[in-house]
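Please open the model in your viewer and keep the sequence panel beside it. The stops below say what to select next and what is there.

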Amino acid sequence: MPRHAGRVPLPIMDRREFLKAAGATAIWLSLAGCGGGTASAERKPNIVLFMADDLGYETLGAYGGTSFSTPVLDGLATGGIRFDHCYSQVLCTPSRVEILTGLYNQRNYTAFGIMAPGQNTFAHVLADAGYATCIVGKWQLYGAANAPEDLQGTGTLPDAAGFDEHCLWQVTGRGSRYLDPEITQNGEILPDTGGEFGPDVFAAYATDFIARQGERPFLLYYPMVLPHAPFTETPNHPDWPTKPGNDPALFGGMVSYIDEIVGRIVAALDDNGVRNDTLVLFTGDNGTDSRITSVVGGTPVTGGKSTTTDTGTHVPLIVNWPGTVPAGRATDDLVDFSDVLPTMAALAGIEPPSGLDGRSFAPRLLGTGGPAREWVFVYHDPERLGPTDPIYFARDRRWKLYGDGNLYDVPADALEANPVPPGASPEADEARTRLQAVLDSLL
C-alpha cells in the first residue's frame with residue numbers, strides 16, 4: 001500500500017478554482033522579473049522541472065520555430081539560458097529513467113514502461129536534504145494495466161521513487177490523459193474527473209503544492225502528458241469538449257496549452273513570493289511525432305520521435321532563475337539527461353551520489369566557468385528483453401559515431417543518409433577515434 005494512500009484528494013471544485021487563480025497579468029509580471037520576492041543566500045533553491053511529452057527543439061519560438069505560439073517559454077528563454085545542444089533518449093521511458101537516475105540506459109533500463117525497483121532518483125537525493133517532493137503529470141514507470149502481463153506491477157511506484165506527493169496519469173491504470181482523465185492522486189484514483197482536462201488537474205495540484213510549502217524548499221517535477229498523441233482539442237478550442245480525434249492539425253493548440261500551463265505554474269511561484277528562489281527548467285522527453293512538420297528559419301523540420309537521428313533526440317532545454325542565472329544567453333554546451341540529477345544536487349549544495357554518468361552543468365548556469373562536456377551518449381534498446389540489438393552512439397555538436405562504426409557529419413547530413421568513410425578527411429578520422437574511445441569506455 002503506498003504510504004500516501006490515505007490522503008484525501010482535492011475536491012474537484014477546488015481544482016477548478018485553482019485554475020482561475022493564475023491570470024495572464026501574473027504570468028507576464030513573472031517573466032518580466034517583477035514580484036516574487038528576493039532570493040536568499042541561506043535558502044536552498046526550489047526546483048521546478050517541466051518535461052513535455054514528444055516535443056523537439058524545433059517546435060519552440062526560442063529555437064527559431066515559427067509554426068507554434070510559445071510566448072511564455074520564449075520569455076523564460078529570454079530571461080535565462082537556452083541550451084542549443086541538449087539530447088534525450090529516443091523514447092519516453094528510457095528518457096524518464098535516465099533523467100531521474102543520472103545513469104545511462106545500458107546500466108539500468110530493463111523494459112518499456114518500467115523503472116526497475118531500487119533506483120536512486122533526484123527526488124531521493126533532494127528529499128534526503130530536506131526538500132518536499134512532488135510529481136504531477138505522466139508516470140508510466142510501474143507497469144500499468146496496459147503493459148504486457150509479465151511486466152505489470154514490476155516497476156516503481158512514485159512514492160518509492162522519492163516523491164512525497166503525486167498526481168499522475170498511468171500509474172497502475174491507463175485510461176484517458178486528456179478529457180475525462182484517469183488520475184491517481186497520492187495512491188487513490190480520483191473518483192470524479194468527468195468533463196475535466198488532465199493537464200488542468202495536474203497544474204492545479206502543482207500550484208496548490210507550491211502554495212503549501214512556506215519556507216521549506218521544494219522539488220516539483222512535471223513530466224507532461226502534452227503534446228503526445230492522440231492529438232486533441234484543449235479547453236481553449238471552440239469545439240471543446242470532444243473526445244480526442246487524433247488530428248495532427250490540433251498539435252499547435254496542444255503546444256500553446258503547454259505554454260499556458262507553464263505560465264500558470266510560474267505565476268504561482270510569483271504569487272507565493274518564491275519566484276526568485278526557484279530554478280525553473282523546461283525540456284522534452286524525445287523528438288516530435290513524425291506526423292508533425294515544423295518550420296525553423298524557413299526550413300521544414302519533420303519530427304523524428306523513435307529514431308536516433310537528430311530530430312529524434314535533440315530537445316529544448318531552457319533554464320531560468322531570476323537574479324541568479326544570467327539572462328539573455330544561449331550556449332552551445334552539450335547536455336544530456338544524465339546531467340540533470342548532479343546539477344540539481346550541486347545547486348542545492350548536496351554531494352551527488354557516487355557512480356553517476358552525468359556531470360553537473362551548474363557552473364555554466366552560475367557563470368563560474370569550468371569545462372563543458374565534450375560528448376553525449378545515447379543508448380537505445382527498444383526490446384531490452386528480446387532479440388533486437390541495441391543501437392547506441394556518442395556525438396559532439398558536429399560528429400556522431402554509432403556502435404556499428406557509421407560516422408555522420410550531422411549539420412551536413414541531418415537525416416544520416418551518407419556515412420563518412422574512414423580516410424575521408426583528417427578531421428573526420430580524428431572524430432572517429434575520439435568518439436570510439438567514448439564508446440569503448442561505456443560498453
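A residue is called buried here when its relative accessible area is under 20%, exposed when that value is over 50%, and partly exposed in between, with a 1.4 Å probe and protein chains only. The model is a predicted one, in which local features need pLDDT of at least 70 and side-chain atom pairs count only at pLDDT 80 or more, while totals for chains, interfaces and linings use all residues. Residues are numbered from 1 along each chain as its sequence is written, and side-chain values use heavy atoms, with hydrogens and water left out.

Begin by selecting Thr313, which is buried, with a relative accessible area of 0%. This residue lies in helix 9 (residues 310-313); helices (H or I, at least four residues) and strands (E, at least two) are DSSP runs, numbered from the N terminus. Next, show what Thr313 touches, where contact means heavy atoms within 4.5 Å: leaving aside neighbours within four places in sequence, the partners of Thr313 include Cys86, Tyr87, Ser88 and Phe393.

Now select strand 2 (residues 81-87). Six of its seven residues are buried, so strand 2 is largely enclosed by the rest of the structure. Two strands are said to pair if DSSP finds at least two bridges between them. Strand 2 runs parallel to strand 12, with six bridges joining them, and pairs with strand 11 (residues 314-320) in the antiparallel sense over five bridges. Arg82 can be followed in both directions, since it stands opposite Ala330 in strand 12 and opposite Ile318 in strand 11. Tyr87, in turn, stands opposite Asp336 in strand 12.

Widen the selection to the whole sheet, an open one of 10 strands with mixed pairing and the order 6-5-4-3-7-1-8-11-2-12. Its edge strands are strand 6 (188-189) and strand 12 (329-336), each of which pairs on one side only. Add helix 8 (residues 251-271), which packs on this sheet and touches strand 1 (46-52), strand 7 (218-223) and strand 8 (278-284), its direction making about 175° with that of strand 1. Axes are lines fitted to C-alpha atoms, for helices over the stretch in contact, and angles run from 0 to 180 degrees between N-to-C directions. Helix 10 (residues 340-347) also packs on the sheet, where it touches strand 1, strand 7, strand 8 and strand 12, at about 160° to the direction of strand 1.

Move on to helix 4 (residues 92-101), where 10 of its 10 residues are buried, among them Arg96, Glu98 and Ile99. Just after this helix, Gly102 takes a positive phi of about 75°.

For the last stop, select strands 13 to 16, which form an open sheet of four strands in the order 13-14-15-16, with antiparallel pairing. Strand 13 (376-380) and strand 16 (407-409) stand at the edges, each with a single partner strand, so one side of each is left without a neighbour in the sheet. Neighbouring strands here are turned by 20° against each other on average, direction ignored. Five bridges join strand 13 to strand 14 (residues 391-395), and within that pair His380 has Ile391 as its bridge partner. Finally, add helix 12 (residues 426-442), which lies across strand 13, strand 14, strand 15 (399-402) and strand 16, and runs at about 50° to strand 15.
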